[in-house]
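User: I am new to this structure. Please take a close look at one helix and the core around it.

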Amino acid sequence: MKKIVFIVISIIIILSMTFFIILPKNTFSEQENRMLASIPKFSFESLKDGSYIEDLENYLNDHFLFRDFLMGLKTTTDKSLGKAIINNVYIGKDNYLLNKYEKIDQSELISKIQNFKNNNPNKNINLLILPSSTSVYKEKLPKQAITDSEEEAIQEIYQSVDLKTIDVYNSLVNAKKMYQIFYKTDHHYTTFGAYYTYYDYCLKNNLTPLSINDFEIKKVSDNFYGTLYSKTSNYQMPPDDMYLFLTKTNYEVVYNDINKVTNSLYDYSYLTKKDKYSVFLSNNHGLITITNNNIENDKEILVIKDSFGNSLVPFLSEHYKKIHVVDLRYNLTSMTKYLEENSEINDVLIIYNITSLDKNSSLYYLR
């Protein structure tokens, strides 16, 4: 009997190794929305410092046989055993997935923001730090959840800088009584959440916001699975719906990093992919300039943002002749220098989600 078991196990191992070697390897995981590790190049130096073994382990982990199925099975098993957190994501009530938030030392970040304001004293600089669904939907957290206070972290930043700050927490909490403000499977807010953020920005800057009824609200997907779904491999969850708020405004949208010009704020090709949130401004780019050809004013704004800003910019475009959209992850230009070179810009909006502000945040490149 032992001999038979040994033979069966040996056959399984040999077949697994054979399939691993001969089957083509994916370079991108649609489920996890990320690039998969490639096979590392060997060198004695990388072997000596341990990086080769680490990279090889990452490669094997990313490409083992039936990976997606086994990851989903593990999540199902963890849930059945009562585990409430997977990869720092809480399995919440009513199918909400909620990031665990851990506050960092924000002193260096605060200094960067304040220095930027000091270097541009004549600009109308707005700082908007967004809470996450963990804070807005805290009642959905499991009882055993332990997470730092996002509201306190945001207020610490706001109270430490001498510039205009926009607090949207109460507006988002109140709006959730009427609409779904954050996706359940993704870390981003929905277009409804972006609308109420835009509304608060307008009130703070003496602009008259468009009514929600001024838009054609169109469902463009009923099959959106986002980043939190991917992190947890919680493949039994129902998908999210996605909506766009459309107008008849005529735009010229220039993606400067790829020399692309279009007349739409949306890239509908992403609706056929897993990364559907990238329908907003065609994913992330170092610099996008948007001109509203229907508006009569000559106002311009610089938006320095993480991915949350992508779904906010279409609303702002109804009030500005030109919007300069910068993502510091892909554009290391000094924003002070950029303002000097584009002196017609008067308004600046820095918009980040609180969960983006870790030690690797692109906002540290603000200068």
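Analyst: What follows looks at helix H9, then the core, then the sheet. The model is predicted.

Helix H9 covers residues 191-204. Its length checks out. At 1.5 Å a residue, its 14 residues should span 20 Å, and the end C-alpha atoms are 20 Å apart, which agrees. The helix is mostly covered, with 11 of its 14 residues buried. Among them are Phe192, Ala194, Tyr195, Tyr196, Tyr198, Tyr201 and Cys202. Thr191, Thr197 and Asp200 are buried too. Just after H9, Asn206 takes a positive phi of about 55°.

Now the core. The largest nonpolar core has 57 residues. Tyr189, Ile290 and Ile323 touch the most other members. H9 supplies the largest share of this core, 7 residues. In soluble globular proteins, nonpolar side chains tend to be buried together.

Tyr189 deserves its own look. Beyond its neighbours within four places in sequence, Tyr189 contacts Ala194 and Thr197, as well as residues including Leu130, Phe182, Tyr277, Phe308 and Ile351. Another core, of 32 residues, lies apart from the 57-residue one. Tyr101, Phe116, Val326 and Tyr364 are among its members.

Ile351 leads to the sheet. Ile351 is the bridge partner of Lys305. Strands E13 (residues 300-305) and E15 (residues 347-353) pair in the parallel sense over 5 bridges. Both belong to an open sheet of 8 strands, ordered E7-E6-E15-E13-E14-E12-E10-E11, with mixed pairing. E7 and E11 stand at the edges with a single partner strand each, so one side of each has no neighbour in the sheet. Helix H5 (residues 107-119) lies across E6, E13 and E15, at about 160° to E6.

Conventions
Residues numbered from 1 in each chain as written. Predicted model: local features only at pLDDT ≥ 70, side-chain atom pairs only at ≥ 80, totals over all residues. Heavy atoms only, no water. Core = buried A, V, L, I, M, F, W, Y, C linked by side-chain atoms within 4.5 Å. Buried < 20%, exposed > 50% of the residue type's maximum accessible area, 1.4 Å probe, protein only. Helix = DSSP H or I, 4+ residues; strand = E, 2+ residues; numbered from the N terminus. Contact = heavy atoms within 4.5 Å. Expected span 1.5 Å × (residues − 1). Pairing = 2+ DSSP bridges. Axes fitted to C-alpha atoms, helices over the stretch in contact; angles between N-to-C directions.
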